[in-house]
Amino acid sequence: MKLLFSKEVIARRIGQLAARINRDYGERPVVLVVLLKGAQLFAADLCRHLTCPVRLEFMRVCSYGAETASSGCPRILLDLDEQLRDCHILLVDDILDTGLTLHHLSRHLRQHQPASIRTCVLIDKYERRQVAIAADYAAIELQQGFVVGFGMDYNEQYRNLDAIYCLEAEDLAKESHP
Ligand SMILES: O=P(O)(O)OC[C@H]1O[C@H](OP(=O)(O)OP(=O)(O)O)[C@H](O)[C@@H]1O
Ligand code: HPA
């Protein structure tokens, strides 16, 4: 595994991102809709920098399973249990990759008739984008690679790492032949 972003760099980027969000939202209350499992660590750090009134809600969406490629069909495993009509939603995810997850979730959340929906990701990775979607807020931009750590997994491993790494061919081979 190759180190891409240390915990110090991640912390700095999240602080800078939060400053932008604070400027944009001012005093307006925001509902962070956090996508489990991957976005939990990012959201925990981000929300502690926010100065507007914050409500935290969680959804669980899954499209990767044990693979490094999207199933193409994000499944909602845990939905919101309350309406978010007229709320300002900030949809928080760890990574924007093909874009299918955020595209699907943004459409789903529009049914709540919120006042606004914006997207916020720790990593915006361009290489595999399949739908035209851009994050409103991204802490880190990346061209390519399958990344793990700081909430992100490969087959449920590595979420607990405090830095972000890129998996290399031998890491994937190790998983299939331990
Ligand atoms: O832009 P996309 O190609 O859709 O990929 C991004 C999504 O994939 C991962 O979720 P995953 O399905 O692995 O679930 P997890 O959050 O439980 O890891 C990640 O957490 C994002 O939600
Ligand atoms: O690069 C990635 N790493 C971990 N999970 C992911 N889900 C989409 N892309 C990725």
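In this predicted model, six strands form an open sheet, and their order across it is S4-S3-S2-S5-S6-S7, with mixed pairing. In general, the strands of a sheet pair through backbone hydrogen bonds, in either a parallel or an antiparallel sense. The edges of this sheet are strand S4 (75-78) and strand S7 (137-142), each of which pairs on one side only, and from one strand to the next the twist averages 30 degrees.

At one end of that order, S3 and S4 pair in the antiparallel sense over three bridges, and Val-61 stands opposite Ile-76 in S4.

Two helices can be described by the strands that they meet and by the angle that each makes with one of these strands, as the table sets out.

| Helix | Strands met | Angle |
|---|---|---|
| H1 (residues 7-25) | lies across S2 (30-36), S5 and S7 | about 145 degrees to S7 |
| H2 (residues 40-47) | touches S2, S3, S5 and S6 (116-125) | about 155 degrees with S2 |

The surroundings of ligand 1 bring some of these strands into view again. Of the 18 residues around ligand 1, the ones that come nearest are Gly-38, Tyr-64, Asp-97, Thr-98 and Thr-101. Strand S3 (54-62), strand S5 (88-96) and helix H3 (100-110) are the elements that give two or more residues to this shell, and S5 provides the largest share, with four residues. What is the chemical make-up of the shell, counted as nonpolar, polar and charged residues? Seven residues of the shell around ligand 1 are nonpolar, six are polar and five are charged.

Methods: Residues numbered from 1 in each chain as written. Chains lettered and ligands numbered in written order. Predicted model: local features only at pLDDT ≥ 70, side-chain atom pairs only at ≥ 80, totals over all residues. Near = placed C-beta within 6 Å. Nonpolar A, V, L, I, M, F, W, Y, C, P; charged D, E, K, R; others polar. Pairing = 2+ DSSP bridges. Axes fitted to C-alpha atoms, helices over the stretch in contact; angles between N-to-C directions. Contact = placed C-beta atoms within 7 Å.
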